[in-house]
Amino acid sequence: MAWLRPRSPVSPGASRSRRGAGAPGLATAVDGCASNRACIFDDNNFQDRIGSRAAEGGRVDVSSGNNDRMDSWKNNTGTNAAWYYNFVDENSDNCRNMPKNDSDGNVGVFNSDELSSWRTDRGC
Ligand SMILES: [Ca+2]
Ligand SMILES: [Ca+2]
């Protein structure tokens, strides 16, 4: 090479912030769940996200560190989703629906800290 052209850096933050400031009624930005994702959270009210998936994904296990931790969920996709109490044998496991474009900020005492696997391609 006779010469090397310096690489131009990618301009930072080109499209980082999409949500305009001061939009009353849109209080979902802080949970980090994108508009085309289904998300699960360790705590109530969409705090401490432990999973984020696109629609049309089959059942997968969460990591051992995220097992039995989910307390709230949000399905921003246009596809129904579901979560299971256990890792295996989905036909006999407890299954809970996460309907499309829906959310639950507090899954309730009996479902709290139970999720072990989930899917984003259909409901129960
Ligand atoms: Ca939890
Ligand atoms: Ca479980």
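Q: What percentage of the 124 residues of the protein chain count as buried?
A: The model is predicted. Burial here requires 20 or more other C-beta atoms within 10 Å of a residue's own. Of the 124 residues of the protein chain, the share that counts as buried is 23%.

Q: How many helices and how many strands does the protein chain have?
A: From the N terminus on, the elements run β-β-β-β-β-β-β-β. The secondary structure therefore comes to zero helices and eight strands, given that helices and strands are taken as DSSP runs.

Q: In what order do the strands of the open sheet that contains β2 and β7 lie?
A: This open sheet has four strands with antiparallel pairing. Its edge strands are β2 and β7 (102-104), each of which pairs on one side only. The twist averages 15° from one strand to the next. The order is β2-β1-β4-β7.

Q: Which residue of β2 is the bridge partner of Ala38?
A: Strand β1 (residues 37-43) and strand β2 (residues 47-54) pair in the antiparallel sense over six bridges. The two strands form a hairpin with three residues between them, and Asn45 in the turn has a positive phi of about 60°. Within this pairing, the bridge partner of Ala38 in β2 is Arg53.

Q: Which residue in β7 stands opposite Lys74?
A: Strand β4 (residues 72-75) and β7 run antiparallel and are joined by three bridges. Opposite Lys74 in β7 stands Ser103.

Q: In what order do the strands of the open sheet that contains β3 and β6 lie?
A: Four strands form this open sheet, and the pairing is antiparallel. The edge strands are β3 and β6 (95-98), since each pairs on one side only. The order is β3-β8-β5-β6.

Q: Which residue of β8 is the bridge partner of Val60?
A: β3 and β8 pair in the antiparallel sense over two bridges. In β8, the bridge partner of Val60 is Trp118.

Q: Which residues have the most contacts inside the largest nonpolar core?
A: The largest nonpolar core has 15 residues. β1 and β5 (81-84) each supply at least two residues of this core. Trp118 touches Ile40, Arg59, Ala81, Ala82, Trp83 and Tyr84, not counting residues up to four places away in sequence. The residues with the most contacts inside the core are Ile40, Trp83 and Trp118.

Q: Does Ser63 count as buried or exposed?
A: Ser63 lies in the loop between β3 (60-61) and β4. The C-alpha atoms of Ser63 and Ser116 are 8.3 Å apart in space, although the two residues are 53 residues apart in sequence. Because Ser63 has 8 C-beta neighbours inside 10 Å, Ser63 counts as exposed.

Q: Which residues does Asn106 touch, not counting residues up to four places away in sequence?
A: Asn106 is found in the loop between β7 and β8 (117-119). With 13 C-beta neighbours inside 10 Å, Asn106 counts as partly exposed. Its C-alpha atom is separated by 8.1 Å from that of Asp43, 63 residues apart along the chain. With the stated exclusion, the residues that Asn106 touches are Asn44, Asp71 and Ser72.

Q: Among contacts between residues at least 6 apart in sequence, what percentage join residues at least 24 apart?
A: A contact here requires C-beta atoms within 7 Å. Among contacts in the protein chain between residues at least 6 apart in sequence, the share joining residues at least 24 apart is 66%.

Methods: Residues are numbered from 1 along each chain as its sequence is written. Chains are lettered from A and ligands numbered from 1 in the order in which they are written. This is a predicted model: local features need pLDDT of at least 70, side-chain atom pairs count only at pLDDT 80 or more; totals for chains, interfaces and linings use all residues. Two strands pair if DSSP finds at least two bridges between them. A residue is buried if 20 or more other C-beta atoms lie within 10 Å of its own, exposed if 12 or fewer, and partly exposed in between; C-beta atoms are placed from the backbone. Two residues are in contact if their C-beta atoms, placed from the backbone, lie within 7 Å. A nonpolar core is a set of buried Ala, Val, Leu, Ile, Met, Phe, Trp, Tyr and Cys residues joined through C-beta atoms within 7 Å. Axes are lines fitted to C-alpha atoms, for helices over the stretch in contact, and angles run from 0 to 180 degrees between N-to-C directions.
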